[in-house]
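Visitor: Could you take me through one part of this model in some detail? I would like to hear about the open sheet and what lies around it.

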Amino acid sequence: MALTAEKKAMIWKTLNDTRGKIEPSEYKNYIFGIMFYKFLSEKAQTWLSGVLRGETWTSVWSQDAQRAAEFMQKDLGYVIQPGEMFSDWKTAINEDKFNVMMVSDALVHFDQGISQEAKPDFAGIFADMDLTSSRLGANAQTRTATLIDWIELLDKIELDTQNDLLGDLYEYLIGMFQANSGNKAGEFYTPHQVSDIMAQILTAGRENQEEYTLYDPALGSGSLLLTTGSHMQRAGVRGAIKYYGQEIITTTYNLARMNLMMHGVEYNDINLRNADTLNGDWPDGVLDGVDSPRMFDAVMANPPYSLKWDNTDREDDPRFKMGVAPKSKADYAFLLHCLYHLKADGRMAIVLPHGVLFRGAAEGRIRKELLESHNIAGVIGLPANLFTNTSIPTAILVLEKNRTADNVLFIDASKGFGKLQV
């Protein structure tokens with residue numbers, strides 16, 4: 001069952017009605033944070049109902065808190081203490097006992113209770129929720145009232161954590177926050193139509209593979225990873241698909257971690273990193289002087305367009321053996337990074353500005369090298385004004401590492417799409 005357009009519109013309207021003076025770009029951090037905590041709480045309560053055999057979580061915790069914590073950590077990777085579930089917040093609201101410190105303490109305890117194995121996936125994930133901000137209210141009382149509004153709103157959203165409805169809502173809200181937050185919001189979101197085209201290309205003929213690895217070095221909200229994974233037959237099987245990604249903006253990195261888990265991806269199938277892809281190779285890269293890159297079945301990216309970057313002394317970087325992109329435009333740096341991490345029989349798709357097809361100088365030399373090596377399999381021209389954060393036309397470039405055919409398929413989805421120049 002899909003989340004209806006009417007319910008989505010109702011939720012968005014209600015969110016706007018409770019936003020107050022907080023800008024959408026900041027408001028999303030609180031809403032997604034509370035939504036994610038609700039998701040984790042309900043997941044924990046579902047798990048507890050299946051393992052406690054009639055005992056209460058409070059009783060088990062009171063007998064041996066450390067052992068109880070390790071018990072939950074082993075399966076979930078995190079711990080939510082008795083009295084700190086989302087449902088406990090709602091009970092406290094109904095009994096007029098709720099205050100902002102209940103949320104603040106719960107988030108601190110959550111961060112302290114993450115297992116060592118799960119720290120890369122959960123640590124700091126609520127760091128963008130500043131509960132002391134004056135934007136929430138001038139004092140603790142008004143901040144408490146603001147949180148009550150949001151908790152009650154999200155409590156009304158009945159979504160099963162075992163299906164895609166919660167993830168569907170999360171993706172919808174990401175898109176809506178993007179559309180209402182100005183240009184910068186577009187940095188973390190790829191429209192679903194574009195994601196779906198790329199996913200179909202990347203998985204065509206490979207849908208039944210037992211194991212599959214995905215990598216997005218310009219992660220954003222994680223929508224490209226999720227959409228690609230959803231086209232695999234074993235998408236819901238633990239361990240079948242491994243998701244890798246890197247994102248430089250911490251807030252966006254946190255959104256991506258939440259997004260993947262709220263779409264049902266288990267924390268131990270997620271390998272995300274908050275860092276600069278171009279300045280430091282990952283995954284693996286050079287370890288103890290030896291280049292040991294991790295290779296993937298599918299690599300996808302919608303990186304920032306024509307980004308300025310530090311291209312000094314990049315000639316010896318193994319990722320850029322075909323050439324170094326100019327410092328004023330990192331487009332080919334991202335492309336070469338993706339190609340470098342592709343398995344010999346893998347496939348990659350990247351969205352870049354239309355200019356990569358005809359610009360000269362260093363970019364022209366890289367493009368010629370890619371064509372002569374038969375790496376470029378196809379180019380799909382996209383129309384202008386497709387992305388909120390830019391009005392320029394873009395293109396999806398499809399590449400393979402060890403391709404032998406010398407043809408390039410062109411699909412013109414925009415007016416005035418010119419041919420690739422060497």
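Guide: Here is a walk through the sheet, followed by a few backbone details.

This is a predicted model, where local features need pLDDT of at least 70, side-chain atom pairs count only at pLDDT 80 or more, and totals for chains, interfaces and linings use all residues. Residues are numbered from 1 along each chain as its sequence is written, and side-chain values use heavy atoms, with hydrogens and water left out.

The open sheet has eight strands in the order 3-2-1-6-7-9-8-10, with mixed pairing. Strands here are DSSP runs of E of at least two residues, and helices are runs of H or I of at least four, both numbered from the N terminus; two strands pair if DSSP finds at least two bridges between them. Strand 3 (270-274) and strand 10 stand at the edges with a single partner strand each, so one side of each has no neighbour in the sheet.

At one of these edges, strand 2 (residues 241-247) runs parallel to strand 3, joined by five bridges. G245 has L272 in strand 3 as its bridge partner. Helix 12 (residues 250-262) lies across strand 2 and strand 3, at about 170° to strand 3. Such angles run from 0 to 180 degrees between N-to-C directions, with axes fitted to C-alpha atoms, for helices over the stretch in contact, and contact means heavy atoms within 4.5 Å.

Now for the loops. Between strand 3 and strand 4 (286-287) sits P283, and a cis peptide bond with omega of about 10° joins W282 to P283. Most peptide bonds are trans.
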